[in-house]
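Here's a quick briefing on the holes and the charge pairs in this protein. Have a look at the model first, then work through the points below.

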Amino acid sequence: MADFITQFPANEVVSRENFNSRITQTNTALTNMKNSIDNHKADNKNPHKTTLAQVGGKNKNLARNWYWARPVNQRSITTQVWDAHNIDGWLTYSEGTNTFTLEVVPGSHLHMAAGNHWLQQGQRYEYLPNGVYTMSLKLLNGTIHSVSVPWDNNTAVGIDVAEGLGLFLANSIGYPYFHIAIGAGHSFDIVAVKIEEGTVSTLANDPPPNPQQETAKCQWFQYIANAVKNPYAFFGQGVAWTDGSFAIIECQIPNLRTYPACSYSGNLVLFDLAAPSTHSVTSIVAERGAVSGSMLLKVSASGITAGKFYQLISDNDPNARIIYDANL
């Protein structure tokens, strides 16, 4: 109060004029304090208020692999026209005999075009606490759409944020499920997405993520051996079983969320080091393993000899790979 009200000096004669001056100072100070409090209370109604987003603040992005201008893409998806996982952490889902296109445009965006039914691109989470969440996406033209919704781990919530474009939280096979919905006949070019706690979208303030860190997050859910497309990739090694119909091959894997399902594609062979020869792989089945360290694969191939040592490699095929899938 001293900034507004001056005290009577010890030797000053108190007069009506001096006393009234102090009253005026007091009223001015109280008015300033009241205005400050009123402005604070009215902040939510003030169109010029400063928000977290406006001052450059940001919340943690709960979405994995959210920067679609440069997504983690271990499966090397370019164009997809069926319901399945695509870029790491995301899966498409549509209805009936829908024809749709999902196209990765490196360095730019993800193109999503729905056909005769709606199209979803979604991500599941092991757990999202009850609360309010804001979902956002950024289009190639720079437009950011967002919506804030209450979440109780059960009720589907969301809204159309533009014609033919919606943002939703729902429950999918028991998991919270954040998804973008594209209406029939619509298409969008999406650069980035975000789900965050609270009622404010801060997507505009997020710089592109570190590629190595984002890849490490994604490999908690799936690991693609030979994602780098080495034509002569080494996957593991082991010994042929007693009847010579298959070999038990030990393969190294990173930490995964849970015990993975295994599948493979491309031209894989068992290579005999002692008497150089190759034997085409006919099947691979997960035999035993853990969520980290190594997996034992039962690899079937023709012409192998019981007790001999073999390496599992790709034979001049950059697209050969083994998929360790621990996705939700």
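Helices (H or I, at least four residues) and strands (E, at least two) are DSSP runs, numbered from the N terminus. Bear in mind that this is a predicted model. We'll go through the open pockets, then the enclosed space and its buried arginine, then the salt bridges.

**Pockets**

- The largest pocket comes in at about 400 Å³. Its lining is made up of 21 residues, and K60, N61, L62, A63 and K217 sit closest to its centre.
- Which element gives the largest share of that lining? Helix 2 does, with 3 residues.
- Sorted by class, the lining of the largest pocket holds 9 nonpolar, 4 polar and 8 charged residues.
- The second largest pocket has about 160 Å³ of volume. Among the residues lining this pocket are N73, Q74, S76, T215, Q219 and Y223.
- Strand 12 (residues 222-225) supplies the largest share of the second pocket's lining, again 3 residues.
- You won't find any charged residues lining the second largest pocket: the split is 5 nonpolar and 6 polar.

**The cavity and R64**

- How many cavities of 30 Å³ or more turn up? The count is 1.
- The largest cavity holds about 50 Å³ of space, and its walls come from R64, H85, G89, W90, L91, R124, N327 and L328.
- By class, that cavity lining breaks down into 3 nonpolar, 3 polar and 2 charged residues.
- R64, one of the lining residues, belongs to the loop between helix 1 (16-41) and strand 1 (79-80).
- R64 is buried but goes without a salt bridge. The nearest side chain of opposite charge is E126, and that one is 7.0 Å away; a salt bridge would need a nitrogen-to-oxygen distance within 4 Å.
- Leaving out residues up to four places away in sequence, R64 touches G89, W90, Q123, R124, Y125, E214 and F221.

**Salt bridges**

- Across the whole structure, the search picks up 6 salt bridges.
- D206 and K194 pair up through their side chains at 2.7 Å, N to O. D206 lies in the loop between strand 11 (187-197) and helix 2 (211-218) while K194 is in strand 11, so this pair ties together parts that are 12 residues apart in sequence.
- Are D206 and K194 buried or exposed? Both are buried.
- K194 and D206 also belong to a network of salt bridges, together with E196.
- E214 bridges to K217, with 3.6 Å between the closest N and O atoms. Both residues lie in helix 2, 3 residues apart, which is about one turn of the helix.
- That helix 2 pair is split by burial: E214 is buried at 5% relative accessible area, whereas K217 is partly exposed at 44% relative accessibility.
- Both partners come up elsewhere too: E214 is touched by R64, and K217 is among the residues closest to the centre of the largest pocket.
- K308 and D272 form another salt bridge, the closest N and O atoms being 2.5 Å apart. This pair links distant parts of the chain, 36 residues apart: K308 is in the loop between strand 18 (293-301) and strand 19 (309-314), and D272 is in strand 16 (residues 268-272).
- K308 counts as partly exposed at 24% relative accessibility, while D272 counts as buried at 4%.

Conventions:
Residues numbered from 1 in each chain as written. Predicted model: local features only at pLDDT ≥ 70, side-chain atom pairs only at ≥ 80, totals over all residues. Heavy atoms only, no water. 1 Å grid on protein atoms, 1.4 Å probe; cavity = no way out; pocket = protein on both sides within 12 Å on 5 of 7 lines; lining within 4 Å. Points joined across faces, edges and corners; volume = space filled by probe spheres on them. Nonpolar A, V, L, I, M, F, W, Y, C, P; charged D, E, K, R; others polar. Buried < 20%, exposed > 50% of the residue type's maximum accessible area, 1.4 Å probe, protein only. Lys, Arg positive; Asp, Glu negative; His and termini not counted. Contact = heavy atoms within 4.5 Å.
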